[in-house]
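Please look over the sequence and the model displayed here before reading the report. The notes that come after are meant to be read with the coordinates open.

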Amino acid sequence: MRLSVDRKKWTKHPDGKFIGGGTHLLETPAFAQYVLILPLENRPEFGLRFDILGCAHEDETTCARKFNSVRFTDSMTFYCPPRCGKEEHFVAGTLVYSEDSHICAAAIHAGVIRNDIGGDCIVMRAPKQQVYTGSTGNRITSRQ
């Protein structure tokens, strides 16, 4: 199965191939506008049923949104669009990020979402740190 948000760039779904009969559920949520199913075999006795359960994201999160632009409750869910890692961003910290960090770039850095397909990330409030440790993760370098 391949996923796309624009029908120009397609990515493989991380769950891999589905082999054999029965019901297969995706372990990893898929964020896409287009889904391409590529059968491994073409035999007349095979059948395929594919159900999609999905919803459009109504929130206004952009790649430019920072933690300090939001009034946090204990935890909040944000949708990050695809390819935020390619936008200009600032990230400081590792797993706990400074309030000046961009939410989506921090989520990619932490491995919570993938840059190519975006997705939902849950942000939780943490006490302000004296020092934020810098590191590189998923092609995003955070500052100290």
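This report describes a predicted model, taking its sheet, disulfides, nonpolar core and several individual residues in turn.

## The antiparallel sheet

Three strands make up an open sheet whose order is β2-β1-β3, and the pairing within this sheet is antiparallel. The edges are formed by β2, covering residues 11-12, and by β3, covering residues 34-36, each of which pairs on one side only. Strands of a sheet pair through backbone hydrogen bonds, in either a parallel or an antiparallel way.

Strand β1, which spans residues 2-4, is joined to β2 over 2 bridges in the antiparallel sense. Within this pairing, Arg2 is the residue that stands opposite Lys12 of β2.

## His24 in the loop between β2 and β3

The loop between β2 and β3 contains His24, a residue that counts as partly exposed because its relative accessibility is 37%. When neighbours within four places in sequence are set aside, His24 is in contact with Phe18 and Ile19. His24 can also be placed relative to Phe50, which is 26 residues away in sequence, with a C-alpha to C-alpha separation of 9.8 Å in space.

## Two disulfides

The model has 2 disulfides. If the bonded cysteines of the protein chain are numbered in sequence order, their pairing reads 1-3, 2-4.

One disulfide links Cys63 with Cys84, at an S to S distance of 2.0 Å. The torsion about the S-S bond of Cys63 and Cys84 is about -75°, and this disulfide is therefore left-handed. Because Cys63 is located in the loop between β3 and β4, while Cys84 belongs to the loop between β4 and β5 (residues 93-94), the pair ties together parts that are 21 residues apart in sequence. Cys63 and Cys84 are both buried.

The other disulfide, between Cys80 and Cys104, has an S to S distance of 2.2 Å. Here the torsion about the S-S bond is about -90°, so the disulfide of Cys80 and Cys104 is left-handed. Since Cys80 lies in strand β4 and Cys104 in helix α1, this pair ties together parts that are 24 residues apart in sequence. Cys80 is buried, with a relative accessible area of 0%, and the value for Cys104, likewise buried, is 0%.

## Cys121, a cysteine outside the disulfides

Cys121 takes part in no disulfide, and the nearest cysteine sulfur, which belongs to Cys80, is 4.0 Å away. With sulfur atoms counted as a disulfide within 2.5 Å, this separation leaves Cys121 unpaired. Cys121 is nevertheless buried, its relative accessible area being 4%.

Residues up to four places away in sequence not being counted, Cys121 touches Met76, Thr77, Phe78 and Cys80, and also Ile103, Ala107, Val112 and Ile113.

## The largest nonpolar core

The largest nonpolar core comprises 19 residues, and those with the most contacts inside it are Phe67, Phe78, Ile103, Cys121 and Val123. Two or more residues of this core are given by each of β4 (75-80), α1 (103-110) and β7 (119-124). The largest share comes from α1, which supplies 6 residues.

Two of the residues with the most contacts inside this core, Phe78 and Ile103, also appear among the residues that Cys121 touches.

## The salt bridge of Arg114 and Asp116

The model contains 1 salt bridge, which Asp116 forms with Arg114, the closest N and O atoms lying 2.7 Å apart. Side chains of opposite charge can pair when their charged atoms come close. Arg114 counts as partly exposed, because its relative accessibility is 32%.

## Ser142 and its surroundings

Ser142 is placed in the segment after β9, the strand of residues 140-141. This serine counts as buried because its relative accessibility is 6%.

A polar atom of the Ser142 side chain lies 2.7 Å from the backbone oxygen of Gly93. The side chains of Ser142 and His109 are also joined, by a polar contact of 3.5 Å. Leaving aside neighbours within four places in sequence, the residues in contact with Ser142 are Val91, Ala92, Gly93 and Thr94, together with His109, Thr133, Gly134 and Ser135.

Terms used. Residues are numbered from 1 along each chain as its sequence is written. This is a predicted model: local features need pLDDT of at least 70, side-chain atom pairs count only at pLDDT 80 or more; totals for chains, interfaces and linings use all residues. Side-chain values use heavy atoms; hydrogens and water are left out. Two strands pair if DSSP finds at least two bridges between them. Helices (H or I, at least four residues) and strands (E, at least two) are DSSP runs, numbered from the N terminus. Buried means under 20% relative accessible area, exposed over 50%, partly exposed in between (1.4 Å probe, protein chains only). Contact means heavy atoms within 4.5 Å. A salt bridge is a side-chain nitrogen of Lys or Arg within 4 Å of a carboxyl oxygen of Asp or Glu. A nonpolar core is a set of buried Ala, Val, Leu, Ile, Met, Phe, Trp, Tyr and Cys residues joined through side-chain atoms within 4.5 Å. A polar contact is a pair of N or O atoms within 3.5 Å; within protein, one must be able to donate a hydrogen and the other to accept it, and residues adjacent in sequence count only if both atoms are side-chain atoms.
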